[in-house]
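Here are some notes on the model you sent round. Please read them with the coordinates open.

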Amino acid sequence: MPAHDTHLWRPYTQMKGAAPPLEAVRTHGSRIVLADGRELVDGIASWWTAVHGYNHPHIREALVAQSEAMPHVMFGGLTHAPAERLAARLAALLPGDLDHVFFTDSGSVAVEVALKMAVQLWINRGVAGRTRILAFREGYHGDTLGAMSVCDPEEGMHRRFGAYLPAQVFCDLPRDAGTTAALDAALARHGRELAAIIVEPLVQGAGGMRMHGPETLASVARLARRHGLPLILDEIFTGFGRTGTLFACEQAGVTPDILCLSKALTGGTLALAATVARTEIFAGFWSDDPAAALMHGPTFMANPLACAAANASLDLFAREPRLEQARAIGKRLAAGLGPLARLPGIRDVRTLGAIGVVQFESPPDLAALKRALVARGTWVRPFGDILYLTPALTIGAGDLDHLVESVGAVVREAASA
């Protein structure tokens, strides 16, 4: 039976026999301070969110000011300046006419809303049967029901739920002539039942940090247009500078029909997400019929505190050199991690923007790797067969060197074991 003192149920963790988690008591810069006084250099920016580092004074000041004025108010029938301003700023930054912003609380829910938008768009147009989504193998889009259904159905963490999930259509990413033709054929074969295509641009994040070039994304967009399907881009991981441009889709010159954002939207301070649609999609819900409205409305939608934090984060992107910092981090990761590719047991080393990945030939002892990394004063969370770095874009040179050197040492130890 479970222990009576096991009150917290932790994410992605078998609670029976689980090692006690480390207790964090404070953060600063790119560091996490533990209760025992140790400091760990954070190599993954708290699941890719803290792009400006921890405790940035500009974001903190915005939160304090907003908390004094109005921490929260329902968004049904009311509006407020932080949300209005944030929506307008996102629309101005995003490519094309991605002008219509629907706020939610998490990346998974942002994906849920995108899927609902796509399916309801066809319903509103009077077209029946368009209820399935074409997604890509090795992808990951979140933990909620719809989001799970478009994750990799075989290798992903949600494969046990297969019988419970909506049945979607899966293809390989179009990396060459053969896979492009296969995608084209699948779209033709399933065209009358598909509502949209969803893809992570440039990097399939939690599915294994698998990277593809802008030409692959451009091929997906071209085929979506050819078959008359809305294209959903999941930029929850890649958005806000992580790939070296503000949004990954910029590198392929692609404007999706629907785009999902979260993670770094508030600079890693509060939960907030956005599903942003082009005018053509929004127009499909503009009607005299109340039933044609988008039927979704989270309780904490457009929370003023979170919107204030996101606006402050955008201020920092506007006035500080985050994209240049991302590119500089990428160069250091490439130089420092690249030589590890020659070690036995290492399948690949790859970098893109401020992302560095070491992939093993087979899954390593993850618990041992984590312990070794903590012992070297770093906070890095390897999973599957990869060990990766996605540090804050503001990380100092010394802390970045420490991360790279620690990962190198741990990988070399594992390779020689």
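The points below cover the nonpolar cores, one helix and the annotated binding site.

1. Status of the model. This is a predicted model, and the points that follow should be read with that in mind.

2. Main core. The largest nonpolar core has 100 residues. Within this core, F103, L134 and F240 have the most contacts. Helix α4 (residues 107-124) supplies the largest share, eleven residues. Both domain 1 (57-319) and domain 2 (321-416) contribute at least three residues each to this core. A second core of twelve residues lies apart from it, and W48, V203, M211 and I355 are among its members. In soluble globular proteins, nonpolar side chains tend to be buried together.

3. L134 in that core. Setting aside neighbours within four places in sequence, L134 is in contact with V169, C171, L183, A186, L187, L194, A196, I197 and I198.

4. Helix α7. How far apart should the ends of α7 be, at 1.5 Å a residue? The helix has 13 residues (214-226), so the expected span is 18 Å. The C-alpha atoms at its ends are 18 Å apart, in agreement with that figure. After α7 comes G228, with a positive phi near 65°.

5. Packing of α7. The buried residues in α7 are T216, L217, S219, V220, A221, L223 and A224. An α-helix has 3.6 residues a turn, so residues three or four places apart point the same way. The partners of the buried residues of α7 are β5 (132-136), α6 (177-190), β7 (194-199) and β10 (231-234).

6. Annotated binding site. An unreviewed UniProt entry places the feature "binding site" at W47, Y140, K263, G297 and R381. These positions are spread over 335 residues of sequence and are also spread in space, with up to 33.4 Å between C-alpha atoms.

7. W47. This residue sits in helix α1 (residues 45-48). Its relative accessible area is 42%, which lies between the 20% and 50% cut-offs, so W47 counts as partly exposed. Beyond its neighbours within four places in sequence, W47 is in contact with P11, Y12, K263 and Y388; K263 is another of the annotated positions.

8. K263. Where is K263 found? K263 is in the loop between β11 (258-261) and β12 (273-278). With a relative accessible area of 26%, K263 is partly exposed. Not counting residues up to four places away in sequence, K263 touches W47, W48, T49, I236, F237 and G268. Of these, W48 also belongs to the core of twelve residues.

Methods. Residues are numbered from 1 along each chain as its sequence is written. This is a predicted model: local features need pLDDT of at least 70, side-chain atom pairs count only at pLDDT 80 or more; totals for chains, interfaces and linings use all residues. Side-chain values use heavy atoms; hydrogens and water are left out. Helices (H or I, at least four residues) and strands (E, at least two) are DSSP runs, numbered from the N terminus. The expected span of a helix is 1.5 Å times one less than its number of residues. Buried means under 20% relative accessible area, exposed over 50%, partly exposed in between (1.4 Å probe, protein chains only). Contact means heavy atoms within 4.5 Å. A nonpolar core is a set of buried Ala, Val, Leu, Ile, Met, Phe, Trp, Tyr and Cys residues joined through side-chain atoms within 4.5 Å. Domain bounds come from an automatic or database domain assignment. UniProt positions are given in the numbering used here, feature names are shortened, and annotations may be inferred rather than shown by experiment.
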